[in-house]
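Please look at the sequence and the structure shown here before reading further. The report after them describes what can be read from the atoms, one topic after another.

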Amino acid sequence: MEQPSGADWRSATHPAAVAAFAAELALVVLAAVTGWRLGERPWTALLLAVVLPLTVVLVWGRWFAPRSAHRIRRRGARLAGQVVLFVVVAVLAAFVGLLWWGVALALVGGVAFAAAPRAL
């Protein structure tokens, strides 16, 4: 794997880029917890706790990941899609009683991706 250099390295270590990556990880975790709480029986809770974060990861990897072949190229459209994904998980989290976690994640994620360098 190639080592980042110059502008790529500065972009990857920018505080907003680090916050954006942390928000991505938190998005997957919140999706799993939300999926668990959505299930009424243990087997449905487990199924949703796997399917919901897996869906988030697949959507993110397909359209928002920096090295994806199908990445949305326009920064504004990509940012809008990222924010929509954060908001969808936040609304689901609020539905299961995790309102403040959802609100906090949507705000932090949206701001971090808006402030992050263009490469993200």
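The text below moves from the whole chain to its helices, then to the core, the surface and some single residues.

## The whole chain

The structure is a predicted model. The protein has five helices and zero strands, and from the N terminus on its elements follow the order α-α-α-α-α. Of its 120 residues, 34% count as buried. The accessible surface comes to about 7,600 Å², and 71% of this surface belongs to carbon and sulfur atoms. When contacts with a separation of 6 or more are considered, residues 24 or more positions apart account for 62% of them.

## Two helices and their spans

The table sets out helix 2 and helix 4, with the distance between the end C-alpha atoms of each and the span expected at 1.5 Å a residue.

| Helix | Residues in the helix | Distance between end C-alpha atoms | Expected span |
|---|---|---|---|
| Helix 2 | 24 residues | 34 Å | 34 Å |
| Helix 4 | 21 residues | 30 Å | 30 Å |

For helix 4, the distance between its end C-alpha atoms agrees with the expected span, and for helix 2 the reach from first to last C-alpha is close to the expected value.

The buried residues of helix 2 are Ala 16, Ala 17, Ala 20, Ala 23, Leu 27, Leu 30, Ala 31, Thr 34 and Gly 35. In helix 4, the buried residues are Arg 78, Gly 81, Gln 82, Leu 85, Phe 86, Val 89, Ala 90 and Ala 93, and these buried residues pack against helix 2, helix 3 and helix 5. Helix 4 is followed by Gly 97, which has a positive phi, near 100°.

## The nonpolar core

Which residues touch the most other members of the largest nonpolar core? This core has 18 residues, and those with the most contacts to other members are Leu 27, Leu 30, Val 56, Trp 60, Leu 85, Phe 86 and Val 89. Two or more residues of the core come from each of helix 2 (15-38), helix 3, helix 4 (75-95) and helix 5 (99-115), and helix 2 gives the most, with five residues. Leu 30, which is buried in helix 2, shows what such a position can touch: not counting residues up to four places away in sequence, Leu 30 touches Val 89, Ala 93, Leu 98, Trp 101, Gly 102 and Leu 105.

## The surface

On the outside, Trp 36, Trp 43, Leu 46, Leu 47, Val 50 and Val 51 make a nonpolar surface patch of about 650 Å². Helix 3, which covers residues 42-63, gives the most to this patch, with five residues, and Leu 46 is a residue that lies in helix 3.

## Two residues compared with the cut-offs

Is Leu 99, at 40% relative accessibility, buried, partly exposed or exposed? Leu 99 lies in helix 5, and because its relative accessibility is 40%, Leu 99 counts as partly exposed, since that class lies between under 20% for buried and over 50% for exposed. Leaving aside neighbours within four places in sequence, Leu 99 is in contact with Ala 93 and Ala 94.

Pro 15 has its place in helix 2, and because its relative accessibility is 61%, Pro 15 counts as exposed. Although Pro 15 and Ala 116 are 101 residues apart along the chain, their C-alpha atoms are separated by 7.9 Å.

Key: Residues are numbered from 1 along each chain as its sequence is written. This is a predicted model: local features need pLDDT of at least 70, side-chain atom pairs count only at pLDDT 80 or more; totals for chains, interfaces and linings use all residues. Side-chain values use heavy atoms; hydrogens and water are left out. Patches are made of residues with over 30% relative accessible area and no salt bridge: like charges are joined within 9 Å, nonpolar side chains (Val, Leu, Ile, Met, Phe, Trp, Tyr) within 5 Å. Accessible areas come from the Shrake-Rupley method with a 1.4 Å probe; for residues, only the protein chains shown count as cover. A salt bridge is a side-chain nitrogen of Lys or Arg within 4 Å of a carboxyl oxygen of Asp or Glu. Helices (H or I, at least four residues) and strands (E, at least two) are DSSP runs, numbered from the N terminus. A nonpolar core is a set of buried Ala, Val, Leu, Ile, Met, Phe, Trp, Tyr and Cys residues joined through side-chain atoms within 4.5 Å. Buried means under 20% relative accessible area, exposed over 50%, partly exposed in between (1.4 Å probe, protein chains only). Contact means heavy atoms within 4.5 Å. The expected span of a helix is 1.5 Å times one less than its number of residues.
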